[in-house]
Amino acid sequence: TPYPPATAAWAGLSPDGKIALANSVDVTGTSSVRGDTKLFDAVTGADIASTGLATFAKRIGLPTFSPDSKHVAFVFVEGASTPAVGNAGKQLVSLDFDVGTKAFSNPQKLWEPGNGERPAFSTFMPTSDSVVFQRRYSGDNDYSSWHSSRADLWWVDLATHKATALARLNG
């Protein structure tokens, strides 16, 4: 494999499969899957220089690309942030992404968890204008619904940042 240990674990792949955005948190509760917050070539494993990401976020969880490759979403865990997003606290955040220049911009807080809640496993809708994510609560793992955790599905629109529970799917 061309990847250093833990680099590719839980990475978000671009729709064409050429670029990956690395996860940089311990999703499974072990440091064996913790990489660095960065872009890398999904074929060769080489780092890809980018702008706008490292100045905003130092640690992100469970990143995902939009189907049109114009946005990414992730759990914002640690970093400098912006006034609009606020302090890192495991919010669900989106950034615009320019695949040609590899530039990240326009950080937006999509959902801020309440006490004991965490977002996890986000994915964009096919139209790239909204995100479905897992709202995780209770249990002893920050990013998943295992380890005695509970979870339900929510949807959030990129334009309004209004999050809604998907009640019919949640049973």
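This report walks through the fold, cores, ring pairs and a few individual residues of a predicted model.

## Overall fold

Let's start with the big picture. The protein has twelve strands and one helix, and the helix comes at the end of the pattern, which reads β-β-β-β-β-β-β-β-β-β-β-β-α along the sequence. Of the 171 residues, 45% are buried. The accessible surface comes to about 8200 Å², with carbon and sulfur atoms holding 53% of that area.

What about contacts across the sequence? Taking contacts with a separation of 6 or more, 43% are between residues 24 or more positions apart.

## The open sheet

Strands 1 to 4 form an open sheet, in the order 1-2-3-4 and with antiparallel pairing. Strand 1 (12-13) and strand 4 (47-48) are at the edges; each has a single partner strand, so one side of each lacks a neighbour in the sheet.

Further in, strand 2 pairs with strand 3 (residues 39-41) over three bridges, in the antiparallel sense. One bridge to look for is the one that matches Leu-21 with Leu-39 in strand 3.

## Two nonpolar cores

Nonpolar side chains in soluble globular proteins tend to be buried together. Here, the largest nonpolar core has 17 residues, and Leu-21, Leu-39, Phe-56, Val-72, Phe-74 and Phe-104 have the most contacts inside it. At least two core residues come from each of strand 2 (19-21), strand 5 (59-65), strand 6 and strand 7 (91-98). There is also a second, separate core of ten residues, with Leu-110, Val-131, Phe-133 and Leu-158 among them.

Phe-56 is a good place to zoom in. Leaving aside residues up to four places away in sequence, Phe-56 touches a list of residues including Phe-74, Phe-76, Val-85, Val-93, Leu-95 and Pro-107.

## Aromatic pairs

How many aromatic pairs does the structure hold? There are five. Phe-97 and Phe-104 make a tilted one, at 4.7 Å centre to centre with 40 degrees between the planes. Both of these residues, Phe-97 and Phe-104, are buried, and ring pairs link them with Phe-65 into a cluster.

Trp-111 and Trp-154 also pair up: their ring centres are 6.2 Å apart and their planes sit at 45 degrees, so this pair counts as tilted too. The pair links distant parts of the chain, with Trp-111 in strand 8 (residues 103-111) and Trp-154 in strand 11 (residues 150-157), 43 residues apart. Trp-111 and Trp-154 are both buried.

## Two polar residues up close

His-71 belongs to strand 6 (residues 71-78). Why does His-71 count as buried? Its relative accessibility is 18%, and the cut-off for buried is under 20%. The side chain of His-71 also makes a polar contact of 3.0 Å with the side chain of Asp-96. Beyond residues up to four places away in sequence, His-71 touches Phe-65, Phe-97, Phe-124 and Leu-158, among others.

Asp-129 is in the loop between strand 9 (117-124) and strand 10 (130-137). With a relative accessible area of 38%, Asp-129 is partly exposed. The Asp-129 side chain makes polar contacts with the side chains of Thr-127 (2.5 Å) and Ser-130 (3.4 Å). Outside the residues up to four places away in sequence, Asp-129 touches Asp-157 and Leu-158. Asp-129 also sits 7.4 Å from Ala-159, C-alpha to C-alpha, although the two are 30 residues apart in sequence.

Methods
Residues are numbered from 1 along each chain as its sequence is written. This is a predicted model: local features need pLDDT of at least 70, side-chain atom pairs count only at pLDDT 80 or more; totals for chains, interfaces and linings use all residues. Side-chain values use heavy atoms; hydrogens and water are left out. Helices (H or I, at least four residues) and strands (E, at least two) are DSSP runs, numbered from the N terminus. Buried means under 20% relative accessible area, exposed over 50%, partly exposed in between (1.4 Å probe, protein chains only). Contact means heavy atoms within 4.5 Å. Accessible areas come from the Shrake-Rupley method with a 1.4 Å probe; for residues, only the protein chains shown count as cover. A polar contact is a pair of N or O atoms within 3.5 Å; within protein, one must be able to donate a hydrogen and the other to accept it, and residues adjacent in sequence count only if both atoms are side-chain atoms. A nonpolar core is a set of buried Ala, Val, Leu, Ile, Met, Phe, Trp, Tyr and Cys residues joined through side-chain atoms within 4.5 Å. Two strands pair if DSSP finds at least two bridges between them. Rings of Phe, Tyr and Trp (its six-membered ring) pair if their centres lie within 6.5 Å; planes under 30 degrees apart count as stacked, over 60 as edge-to-face and the rest as tilted.
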